[in-house]
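Biologist: I'm new to this structure and would love a close look at one part of it. Could you take me through the salt bridges, and then the helix you find most worth a visit?

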Amino acid sequence: TSSPSPPTTTPPIQIVPGNFEYGRWLAGRIFDMIEEAMAAEAGPVQVWFGFGHEYSLRNLGNAPIDYEVQALKVTRDGQPVALFFNHPTHPLQAVMDRVEPGHPGHAVEEIEARLPGVLAMFGAACGGNQFTLAGMSGTPDSVRDYGRRLANAVLDIPEGQWREVTGPLSSTLEVIDLPLAPPIPEEDARKLA
């Protein structure tokens, strides 16, 4: 089945109490989907890691741009069944006043159309101040075009470049304290603004 286009930066933020009901609904739905997937498991799979590049980015600051697209591909009997990918960029969107898929959602749709039966998923990488060349707001056509470019970058990862990473899953969490510098004087901040 095809997944719905994922919302990007416009869903109800979960630090606002008025949005907590939505957050509880969403968490419950995610849990239900995980249970459904586990119940439908159909045998062993292989997991592969690959990466490519998508160069239609710009940076608002002076830091180097990260063009890398990373992907995890899940296969069963040599056939892809799922593809998770990320790209470090803010989503390009055609509207800003409601939830819409943005260019990553269009990339998901493009991948699923070109690989029937594959579930495609997008995760936003650390984009910081990185944007598409069009910025954050575009037309419906430009948003679809950037989605197609991102899908192409994922689908163009050469077959020989995928590295199998199948094995037991484990996770760890480490909290690292990073000391912050003292705030700059207000006058200096106003000059910078």
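Modeller: Glu-187 and Lys-191 sit four residues apart in helix H4, which covers residues 186–192, so about one helical turn separates the two. This is a predicted model, so please read every value here as computed from it. Glu-187 and Lys-191 form a salt bridge, with their closest N and O atoms 3.6 Å apart; the cut-off for such a pair is 4 Å. How open to the surroundings are the two partners, buried or exposed? Glu-187 has a relative accessible area of 55%, so the residue is exposed. Lys-191 reaches 63% relative accessibility and therefore counts as exposed too; the threshold for that word is over 50%.

The structure holds seven salt bridges, and two others are worth following with your eye. In helix H2 (residues 102–114), Arg-114 and Glu-110 are four residues apart, about one turn of the helix. Their side chains meet in a salt bridge at 3.4 Å, N to O. Arg-114 counts as partly exposed because its relative accessibility is 38%. Glu-110, at 21%, is likewise partly exposed; buried would require a value under 20%.

Now move along to helix H3 (residues 140–155), where Asp-145 and Arg-149 are again placed four residues apart, about one turn of the helix. The salt bridge between these side chains has an N to O distance of 3.0 Å. Asp-145 has 27% relative accessibility, so this residue counts as partly exposed. Arg-149 falls into the partly exposed class as well, because its value is 31%.

H3 is the helix I would stay with a little longer. How does its length compare with what 16 residues should span? At 1.5 Å a residue, the expected span is 22 Å, and the end C-alpha atoms of H3 are 22 Å apart, which agrees.

Beyond its salt bridge, H3 also has a buried set of residues: Ser-142, Val-143, Tyr-146, Gly-147, Leu-150, Ala-151, Ala-153 and Val-154. What covers them? Several elements take part, including strand S1 (46–53), strand S3 (68–76) and strand S4 (79–87). Helix H2 is also among the covering elements, and you have already met H2 as the home of the Arg-114 and Glu-110 pair. Strand S5 (119–124) and strand S6 (130–132) belong to the cover too.

So when you look at H3, you can find the buried Tyr-146 and Leu-150 as well as Asp-145 and Arg-149, whose side chains meet in a salt bridge.

Methods:
Residues are numbered from 1 along each chain as its sequence is written. This is a predicted model: local features need pLDDT of at least 70, side-chain atom pairs count only at pLDDT 80 or more; totals for chains, interfaces and linings use all residues. Side-chain values use heavy atoms; hydrogens and water are left out. Buried means under 20% relative accessible area, exposed over 50%, partly exposed in between (1.4 Å probe, protein chains only). The expected span of a helix is 1.5 Å times one less than its number of residues. Contact means heavy atoms within 4.5 Å.
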